[in-house]
Amino acid sequence: MTDAGFSRGTGLPIVVDGDAGPCGGDDESLLAGLNPQQREAVTYRGPALLIVAGAGSGKTRVLTHRIAGLIGSREAWPSQILAITFTNKAASEMRERVEGLLGQASEGMWISTFHSACVRILRREAKQFGFTENFTIYDSGDSRALLKRIIKESEADTFGFTPASASAKISKLKNELEDYESYARSANRDDPAEQVFLQIFREYSRALRAANAFDFDDLIAQTVYLFRAFPRVAANYQRRFRHILVDEYQDTNHAQYSLIRELTKPVPPHLVAELKIDGLYVDGLTDAAGEIPGASLTVVGDSDQSIYAFRGADIRNITEFENDYPGARVVLLEQNYRSTQNILSAANSVISNNFDRKAKNLWTDSGDGEKIVGYTGYSGHDEAQFVADEIDALRRAGVPYNSMAVFYRTNSQTRALEEIFIRSAVPYRIMGGTKFYERAEIKDAMAYLITVANPADELAVRRILNTPKRGIGPATETQLRAFADDNNITFRDALRSASDLGLGPKVTAAITRLSELIDESAAMTDPENPAGVKPVSDILTHLLAGSGLLDALRNSRDPQDEARAENVEELVAVTKEFARNNPGGTLTDFLTEVSLVAAADELDDSTGTVSLMTLHTAKGLEFDAVFLTGVEEDLIPHRMSANEPGGLAEERRLFYVGITRARKRLYLSLAMTRAQFGDVNVAMPSRYLQEIPGELIDWRRSPGAANGRDGTMSRALNAKRPGFGSDRAIATAAGLSKPKTEWANKVTAQVRDNSGLELLPGDRVKHVDFGEGRVQEVTGEGAKRIAHVQFDSAGFKKLLIKIAPIEKL
DNA sequence: CGATTGTTTTTTTTT
DNA sequence: AAAACAATCG
């Protein structure tokens with residue numbers, strides 16, 4: 001993460017008509033193979049451009065060609081371009097593609113995520129408002145740890161505040177650019193719970209500042225505050241970025257929207273003069289009135305793929321774009337180059353159920369392709385087995401593993417999939433989930449590094465204080481905090497004075513040793529140090545050896561600690577890798593990179609593995625074959641979203657995003673029963689399933705068939721039958737009868753009810769699919785009685801007696 | 001202070 | 001089913 005090109009590259013951009021430039025970016029090669037709409041999106045020049053890009057319509061191509069065009073024609077220097085992507089992976093891909101088009105590296109281009117770009121700005125400007133460039137970035141776990149302490153100390157838990165709820169509320173406010181002061185003004189003074197929350201918010205903000213730390217939301221919000229409080233600072237960035245491009249604009253929140261608004265403001269003449277005094281290049285940029293006009297803004301998005309409302313994304317940012325930026329040009333990309341017509345028809349049909357959306361119809365000229373395959377498992381494991389078997393069949397048919405993906409709504413669904421995949425020898429990789437950097441032992445090791453980089457970060461210091469165990473308990477910790485308060489020093493500095501606290505000799509020695517270790521390591525980052533600045537891996541190795549963290553894990557009797565030790569060793573390997581890729585990279589650079597890795601960033605195309613990920617992580621990706629699992633009520637749409645306004649529409653968009661990731665083959669699967677919280681529940685097919693025309697789906701086993709009925713029920717699920725649920729079957733103006741959302745549930749609500757069936761070990765039973773078998777054991781009570789059956793040919797199964805298609809013989 | 005045992009809660013989605 | 005948490009004892 002170097003800042004190459006930031007302070008240079010301010011020379012005059014020479015615009016020469018008809019001059020293709022030396023870098024091969026001439027019009028013809030840039031526009032070859034693009035359709036007319038894409039061409040317009042690439043070549044349009046003006047203050048604002050909105051590209052409404054349906055799924056798979058080639059928007060990345062358009063964006064990269066647009067950037068390459070700007071640079072190739074010498075309309076802009078690379079350093080005048082700021083492109084915002086959704087993930088770091090998308091950013092590096094885009095950079096590679098642009099450089100590929102130009103035939104040369106273009107230093108100084110900023111292509112990054114909102115968060116990375118803001119960190120870069122904040123590190124540079126932190127000194128302006130009371131932070132240092134070594135600030136820590138708190139992830140959600142850190143925020144919650146801090147809030148937990150605050151809530152405990154303020155005894156706010158009696159008002160029902162949990163770290164999670166307070167964190168969610170604070171995050172929401174920050175995304176709306178409300179800070180403690182502004183919120184305190186508008187808050188209801190008479191509500192005691194509100195007062196308690198205000199206290200938490202104030203203390204949280206204070207603690208972050210004292211720790212020289214920003215949380216995720218701060219990264220954006222504080223950058224906006226910075227620009228608003230220091231117009232001179234803002235002017236520098238407004239001057240620098242002449243072309244701003246934002247991808248996935250439908251998922252921007254208010255803070256991100258405001259950031260873009262700030263960056264696209266013109267620089268007034270008096271600030272231009274100040275910039276000039278500082279020796280910055282301005283002359284070629286000013287207009288007749290002496291101001292630098294606002295940067296040109298290109299946004300790309302698709303409101304049908306907006307799936308982040310829960311974290312503040314405001315769909316209006318894109319729907320109101322033309323009002324925000326009068327005179328904006330709008331280009332629509334509707335031709336899809338990714339999926340088969342069958343997949344697109346399913347997607348179109350599903351999304352058309354969302355009202356208040358602009359009509360849009362994706363189409364392709366690449367043919368119908370395979371039908372969508374449907375499957376209903378008896379349990380999550382049965383479903384997973386189907387997926388594993390199908391993956392195996394595809395592999396044999398020549399589809400490489402890395403072009404297949406399995407999606408699910410919640411991370412907890414990975415458990416069943418993993419168990420079966422391991423058993424079936426399907427090589428897989430889980431994107432996101434419990435991330436490497438969220439593991440406790442990794443956070444411990446990272447806390448050592450953070451303490452060295454940013455001693456003000458009390459959270460990190462407290463974390464390592466007694467990790468590994470060195471006899472420093474809560475009582476000692478409290479004493480250290482009190483000592484720091486009394487002497488008006490930081491918690492870290494209190495460690496230096498351990499001998500003044502009158503603690504036991506053992507505890508004092510332990511604290512002193514820790515304090516020295518931190519100092520030794522800090523010296524390794526100091527450029528003044530004659531020994532020179534050491535790479536991050538050396539610092540980490542020194543900290544691990546000095547603290548005994550790794551040894552404690554290796555020598556532990558807990559069998560899991562062996563794996564933890566390996567994880568820590570893996571972290572050492574990561575630091576070495578970092579040093580190789582970033583010569584001269586500092587400790588802070590490393591910590592930044594680690595803080596901002598996203599789930600999709602881990603995707604490595606070269607590994608021959610199937611990718612497992614949530615539907616959210618899947619956004620922006622595509623695969624030849626996609627398995628969309630758990631297509632059930634309460635999962636998608638998720639139970640939690642049902643009561644939220646707009647929740648059902650957002651879940652539908654999520655389902656739509658999942659469908660449109662598939663290039664050639666799409667599998668939709670569900671289960672009749674789903675284990676959660678350790679017990680088994682009956683699951684219903686998702687209402688969205690009926691929004692797909694029945695003829696597009698080839699049911700290998702339909703929900704009806706899985707209920708133990710004959711095959712006719714499979715077609716019935718998706719057929720439109722007048723008179724069924726007729727109270728809702730009101731034809732719309734377009735003559736299309738709206739799908740009857742409750743219908744499938746009525747079908748499955750007629751589940752065979754075996755609750756009266758008494759089974760005892762030794763009984764013989766007959767199952768519709770598994771044939772005959774013998775009951776070995778019956779567990780559970782009432783509606784959740786489970787029969788453990790050894791089938792003669794199908795092997796051992798656990799069945800929920802109430803709904804299993806079995807009869808006693 | 002730290003280890004062990006028992007109890008409770010957790011599951012939306014993420015930078 | 002697993003993890004996080006609280007209580008208890010050495």
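## Surroundings of DNA strand B

In this predicted model, DNA strand B is surrounded by 27 residues, of which the closest are Arg409, Asn411, Gly471, Gly473 and Met640. Sorted by class, the surface near DNA strand B is made of nine nonpolar, 12 polar and six charged residues. Helix α21, which covers residues 474-487, contributes the largest share of that surface, namely three residues. Seen from the side of the nucleic acid, 58% of the atoms of DNA strand B within 4 Å of the protein belong to sugar or phosphate, while the rest belong to bases.

Several polar contacts to the strand can be described atom by atom. Gly473, one of the closest residues, places a backbone N or O atom 2.9 Å from a phosphate oxygen of DNA strand B. Thr617 approaches a phosphate oxygen with a polar side-chain atom, at 3.2 Å, whereas for Arg311 a polar side-chain atom lies 3.5 Å from a sugar or linking oxygen of DNA strand B.

## Overall architecture of chain A

Chain A contains 31 helices and 22 strands, and of its 809 residues 52% count as buried. When contacts between residues at least 6 apart in sequence are considered, 73% of them join residues at least 24 apart.

## Helix α16 and its cover

How many of the 11 residues of helix α16 are buried? The number is 10, so this helix, spanning residues 341-351, is largely enclosed by the rest of the structure. The buried residues of α16 are Gln341, Asn342, Ile343, Leu344, Ala346, Ala347, Asn348, Ser349, Val350 and Ile351. Among the elements that cover them are strand β9 (372-377), helix α28 (647-659) and strand β14 (662-671).

## Tyr688 and Ser641

Tyr688 is found in the loop between β16 (679-682) and β17 (697-701), and with a relative accessibility of 0% it counts as buried. Leaving aside neighbours within four places in sequence, Tyr688 is in contact with Val350, Ile636, Pro637, Leu648, Glu651, Arg652 and Phe655; of these partners, Val350 is one of the buried residues of α16. Tyr688 and Leu549, by contrast, are 139 residues apart in sequence and 50 Å apart in space, C-alpha to C-alpha.

Ser641 lies in another loop, the one between β13 (623-628) and α28, and is buried as well, with a relative accessible area of 6%. Residues up to four places away in sequence not being counted, Ser641 touches Gly647, Leu648 and Glu651. Leu648 and Glu651 also appear among the contacts of Tyr688.

## Leu82 and an aromatic cluster

Leu82 belongs to strand β2, residues 81-85, and is buried, its relative accessible area being 3%. Apart from residues up to four places away in sequence, Leu82 touches Trp110, Phe241, His243, Ile244, Leu245 and Leu263. Two of these partners, Trp110 and Phe241, form one aromatic cluster together with Phe227 and Tyr237. Between Leu82 and Ala168, which are 86 residues apart in sequence, the distance from C-alpha to C-alpha is 30 Å.

## Aromatic pairs and charges over rings

Counted by ring centres that lie within 6.5 Å of each other, the aromatic pairs number 21. One of them is formed by Phe129 and Phe214, whose rings are 6.4 Å apart from centre to centre, with 35 degrees between the planes, which makes the pair tilted. Which parts of the chain does this pair tie together? Phe129 lies in the loop between α5 (114-125) and β4 (136-138) and Phe214 in strand β5 (residues 213-215), so the pair links parts that are 85 residues apart in sequence. Phe129 counts as buried because its relative accessibility is 14%, under the cut-off of 20%, and Phe214 is buried with a relative accessible area of 0%.

Aromatic rings are also found with charged groups over them. The charged end of Lys619 sits over the ring of Phe86, at 3.9 Å from its centre, and the charged end of Arg395 sits over the ring of Tyr401, at 5.4 Å from its centre.

Terms used:
Residues numbered from 1 in each chain as written. Chains lettered and ligands numbered in written order. Predicted model: local features only at pLDDT ≥ 70, side-chain atom pairs only at ≥ 80, totals over all residues. Heavy atoms only, no water. Phe/Tyr/Trp six-rings, centres within 6.5 Å; stacked < 30°, edge-to-face > 60°. Helix = DSSP H or I, 4+ residues; strand = E, 2+ residues; numbered from the N terminus. Buried < 20%, exposed > 50% of the residue type's maximum accessible area, 1.4 Å probe, protein only. Lys NZ or Arg CZ within 6 Å of the ring centre and 35° of its normal. Near = heavy atom within 4 Å. Polar contact = N/O pair within 3.5 Å; in protein donor to acceptor, adjacent residues only side chain to side chain. Nonpolar A, V, L, I, M, F, W, Y, C, P; charged D, E, K, R; others polar. Contact = heavy atoms within 4.5 Å.
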